[in-house]
Amino acid sequence: MRTNPDCLPCLLRQTCQVVKLIGSDERTQVAALQQIAAMLAEVDLALSPPANAGPIYAAIASITGCIDPYSDKKKISNRQALAALPAAREKVRQAEDELVAAVRFAIAGNIIDYGALEEFDLQQMLDSCLEEVLVVDHTAKLADRLAKLKKGDRVCYLTDNCGEIVFDTLLLDYLARRGLLITVAVKGGPIINDALAEDALEVGLDRYGKIITNETSCPGTVLAQCGQSFLREFTEADLIISKGQGNFESLSDEKRDIFCLLTVKCPAAARHLEQLTGLQPGTITGKGEMAVYFHQKGAC
C-alpha cells in the first residue's frame, strides 16, 4: 500500500499524541511538531505508511529522549488481555468451529492500536466478535490452506500489538495442536505499542513456537528493512499469517501468499482493501471493521 496524503496529518497527530503522553514541555512539543512537519514535506508517497512512520518515530525519540513512550500502556494492555483471556478461551472451546472463533478473537485484539486510535473499547470487541459480519471474509480459504498442510509444515506468524498478542495465543494453540512448526515474529525495537520479544515471552507465546524479531523498529513488516534471519523464515514458510493493519499496509504489494487478519481502522486502509477485493467504494468505513483477507502472490 502506498502512503496516502491522508496519512500525513495522521502522522502529525501521532506526533502530538506521543509528546503529550510522555509529558514533554511546550518547547519540546513545538520542536517535535516542527521537525516532523518538515519531514512530512519530503515524505516518499511511493513507500508504505509503516515505512514512512519508522523514521518519524525515530525522530520523535531523538527529540524527546524517550525511545519507548508506550511502555506502560503495553504492560497494561497485556495485563488486561490476560485477565480477559480465560473467558475468550472458553468461548473458543465451546464454538461450533474452533478455527473461526480463534481467528475472530485474534482479530478483535487488533483494536488495541495506539497508532491508529487514541481510544477503543476492547471489551465491546470481545463481546461482539463472534457475531460480527466481516467486511472481507476469507476464513474458508485459510481453513482450506490449513487442511492441505501436514505435520511439520512451517508457519510464520507476524504479530502486531501488545494485548492483542494475548488473544493470538488462541489461534497459535490451534495451529500448534495440528503439529505445525510455528515461528512467531515480533518487532526488533520499540515502535508505538507493537510487541517486542520480552512482551511475547511475558504472555507465553514461546509455548507455541520459536520467537524471532524482524530486526526493525517499524510499525509493520517492510521486507527491505528486515534482517536476514527473519527473511529466511518468511520466505521458507508454508503459511504466513499477518496480524494487524500495519503489517497489511506494508505487505499488500508483496508477491507472496499471505493471510491478513486485521481490524480496519482508517479510511486510507479501508479504500486500499476495497480496491484489492473489488468492493464498492464506501463499503468499508475504516472504523474498526474486522477482516480476513487472503493476499495471493499473483494479485499485485
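**Figure 1. Val264 and Glu289 are bridge partners, with Glu289 located in strand 7.** The model shown here and in the following views is predicted. Strand 6, which covers residues 258-264, and strand 7 are joined by 7 bridges. These two strands run antiparallel.

**Figure 2. Strand 7 also pairs with strand 1, in the parallel sense.** Strand 1 consists of residues 136-137, and 2 bridges connect it to strand 7. In one of these positions, Val136 has Ala291 of strand 7 as its bridge partner. Asp137 is partnered with Val292, again in strand 7. In general, strands of a sheet pair through backbone hydrogen bonds, in either a parallel or an antiparallel manner.

**Figure 3. Strand 7, residues 289-295, is mostly covered.** Of its 7 residues, 7 are buried. Glu289, Ala291, Tyr293 and His295 point one way from the strand. Met290, Val292 and Phe294 point the other way. Residues of both sets are buried.

**Figure 4. The strands form an open sheet of 7 strands with mixed pairing.** The strand order within the sheet is 1-7-6-5-2-3-4. Strand 1 and strand 4 are the edge strands, and each of them pairs on one side only. Strand 4 spans residues 210-213.

**Figure 5. Gln245 is a buried residue of helix 11.** This helix comprises residues 245-251. Gln245 has a relative accessible area of 6%, and it is therefore classed as buried, the cut-off being under 20%. Leaving aside neighbours within four places in sequence, Gln245 is in contact with Leu262, Thr263, Val264, Lys265 and Cys266, among others. Its contacts also include Asn110, Asp160 and Ala269. Val264, one of these contacts of Gln245, is also the bridge partner of Glu289 in strand 7.

**Figure 6. Pro50 lies in helix 3 and is buried.** Helix 3 extends over residues 49-64. The relative accessible area of Pro50 is 2%. Residues up to four places away in sequence not being counted, Pro50 touches Cys218, Pro219, Gly220 and Val222, among others. Further residues touched by Pro50 include Gly246, Glu249 and Ser250. Pro50 and Thr221 are 171 residues apart along the chain, yet their C-alpha atoms are separated by 7.8 Å.

**Figure 7. The chain as a whole provides the setting for the preceding views.** Its secondary structure comes to 12 helices and 7 strands. The chain has a radius of gyration of 18 Å, which agrees with the value near 19 Å for a compact globule of 300 residues. Along its principal axes, the C-alpha trace spans about 55 × 40 × 40 Å. Buried residues account for 55% of the 300 residues. Among contacts between residues at least 6 apart in sequence, 74% join residues at least 24 apart.

**Figure 8. The chain exposes about 13000 Å².** Carbon and sulfur atoms supply 50% of this exposed area. The chain carries 31 positive and 40 negative side chains. The centres of these two sets of charged side chains lie 4 Å apart.

Notes:
Residues numbered from 1 in each chain as written. Predicted model: local features only at pLDDT ≥ 70, side-chain atom pairs only at ≥ 80, totals over all residues. Heavy atoms only, no water. Buried < 20%, exposed > 50% of the residue type's maximum accessible area, 1.4 Å probe, protein only. Helix = DSSP H or I, 4+ residues; strand = E, 2+ residues; numbered from the N terminus. Pairing = 2+ DSSP bridges. Contact = heavy atoms within 4.5 Å. Rg over C-alpha atoms; globule rule 2.2 N^0.38 Å. Areas by Shrake-Rupley, 256 points an atom, 1.4 Å probe, with all protein chains shown as cover. Lys, Arg positive; Asp, Glu negative; His and termini not counted. Charge placed at Lys NZ, Arg CZ, Asp CG, Glu CD.
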